[in-house]
Amino acid sequence: MNRAPSGASQPDPGPAPGGQRRRADNSRDGARPAPARQTPPRIAAARPGAPRQAYAAIDLGTNNCRLLIARPAGDGFVVVDAFSRVVRLGEGLAQTGRLSDQAMERALNALRVCADKLKRRNVHLARSVATEACRRASNGPAFIERVRAETGIRLDIISAREEARLAVLGCHILLEPGPGPALVFDIGGGSTELVLVETIPGSDAPPLIRDWVSVPWGVVSLTETCVGEGQDEQARIDRYAEMRGRVDASFADFARRIEPFRTMAAQSEPGGPLRLLGTSGTVTTLASVHLDLPQYDRSAVDGVIVPAKSMHGITTRLSTMALARRRELPCIGRERADLVVAGCAILESILELWPAQHLGVADRGIREGILRSLIGTDDTMPAPTASNSAGNMEKRR
């Protein structure tokens with residue numbers, strides 16, 4: 001964690017400790033659906049006399065570089081600045097095992113923007129993390145040192161375990177209420193984390209973590225490992241089947257371990273639904289397609305609940321669609337058109353592993369988890385218990 005100098009940039013309403021859970025039961029097919037109520041997440045009221053220090057979280061992933069700056073307010077925080085840029089740091093990593101010069105330069109340019117924002121805001125404490133691309137790359141540590149020397153940002157290459165914990169800590173408030181275990185997942189650029197959690201009845205505290213897994217398939221790594229897109233529909237179908245096979249195989253051991261919990265969740269009450277929450281560019285993008293948004297709108301997407309059947313329909317349609325057509329779709333565009341199919345494959349495997357009727361969508365995750373840890377609100381770091389929790393998770397092998 002880094003102490004940072006003080007200092008203003010355009011504010012972002014950003015996530016607060018609360019959030020709305022809204023159902024969006026209309027599919028995109030046919031008539032344009034009525035989108036979910038576009039109410040922004042609750043912004044906590046500032047405490048009288050509260051400190052004005054700002055806290056910052058940077059998440060350098062395989063595909064994106066993201067920054068969030070917030071100030072304490074009430075029992076949570078208010079976001080005062082944010083930044084996100086697609087940098088594709090992991091581009092080519094699957095083939096070479098190294099971060100390319102071009103990818104590192106893109107990431108450095110984004111981190112220079114972050115460093116400038118940290119200097120111009122009254123940042124009291126910051127934590128900056130790097131994930132799968134830097135974990136896997138042979139030159140990852142050297143790149144981290146270069147970032148420190150050129151920007152002053154000290155990136156911490158976190159473990160997959162810590163990545164999963166922070167993701168749950170940042171988005172668990174959006175889990176649908178209900179008894180029994182639930183599944184939270186984060187589809188990244190270079191890896192995907194699945195976390196089996198059990199919420200504490202009547203509490204907004206972080207859920208207990210019963211099991212977890214991280215697999216080396218994210219939208220970038222899976223796209224680059226499988227053969228290039230074919231020119232006809234059958235070739236695209238075959239490529240998608242290869243993606244699904246790789247992901248299913250990587251989930252197999254975890255699927256066997258959580259089978260008793262899945263049965264327990266399904267039988268927790270008559271007709272009791274399985275609960276599922278996803279945080280990633282994949283689920284927010286597909287939720288935007290479901291809502292038929294003309295452009296991405298965080299206030300419409302964060303906290304929305306989408307029927308799993310609708311998500312299956314969207315993934316089937318996108319997986320057979322030509323790249324040029326995907327580029328024309330709002331909320332996908334050129335930046336995500338080549339990667340979204342891999343995201344669809346990972347999501348479909350998750351929907352089969354944990355066959356919930358609805359999927360909760362979170363446009364929040366690691367950065368929010370970092371901020372909650374930094375600010376130190378009571379419900380982010382519960383006392384250790386006999387079971388794992390989002391604030392105290394033991395390492396699995």
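1. Let's start with strand β2, residues 54-60. In this predicted model, 7 of the 7 residues of β2 are buried, so the strand is largely enclosed by the rest of the structure. Have a look at which way the side chains go: Ala54, Ala56, Ile58 and Leu60 point one way, while Tyr55, Ala57 and Asp59 point the other way. Both sets are buried, Asp59 included. If that back-and-forth pattern looks odd to you, remember that side chains in a regular strand alternate between the two faces of the sheet.

2. Which strands does β2 pair with? One of them is β5 (residues 123-130), which runs parallel to β2 and is joined to it by 7 bridges. To find a spot on screen, pick Leu60 in β2: its bridge partner in β5 is Ala130. Another partner is β3 (residues 64-73), and here the pairing is antiparallel, with 6 bridges. Ala56 of β2 stands opposite Ile69 in β3.

3. Now follow the chain through the turns. β2 and β3 make a hairpin, with 3 residues between them. Then β3 pairs with β4 (residues 76-86), again in the antiparallel sense, this time over 10 bridges. Arg66 sits opposite Ser84 of β4, if you want a pair to click on. The β3-β4 hairpin has 2 residues between its strands, and Gly74 in that hairpin takes a positive phi near 55°.

4. On to a pair of helices. How far apart are the axes of α5 and α14? Helix α5 (residues 160-171) and helix α14 (residues 366-375) have axes 6 Å apart and pack at an angle of about 80°. An angle from 65 to 115 degrees counts as roughly perpendicular, and α5 and α14 are therefore roughly perpendicular to each other.

5. Who touches whom there? From α5 come Glu163, Arg165, Leu166, Ala167, Leu169 and Gly170, and they meet Ile366, Glu368, Gly369, Ile370, Arg372 and Ser373 of α14. Sorted by class, this contact has 5 nonpolar, 3 polar and 4 charged residues.

6. Last, a word on confidence. The mean pLDDT of the protein is 83, and 80% of its residues reach 70 or more. Among the elements, helix α4 (residues 140-151) has the highest mean, 98, and strand β13 (residues 388-389) the lowest, 44. Residues 3-20 have pLDDT below 50, though this stretch has 74 contacts in the model beyond near neighbours in sequence. Residues 26-51 also stay under 50, with 61 contacts beyond four places in sequence. Where pLDDT is low, don't read the predicted coordinates in detail.

Definitions and conventions. Residues numbered from 1 in each chain as written. Heavy atoms only, no water. Axes fitted to C-alpha atoms, helices over the stretch in contact; angles between N-to-C directions. Helix = DSSP H or I, 4+ residues; strand = E, 2+ residues; numbered from the N terminus. Parallel < 35°, antiparallel > 145°, perpendicular 65-115°, else oblique. Contact = heavy atoms within 4.5 Å. Nonpolar A, V, L, I, M, F, W, Y, C, P; charged D, E, K, R; others polar. Buried < 20%, exposed > 50% of the residue type's maximum accessible area, 1.4 Å probe, protein only. Pairing = 2+ DSSP bridges. pLDDT = per-residue confidence, 0-100.
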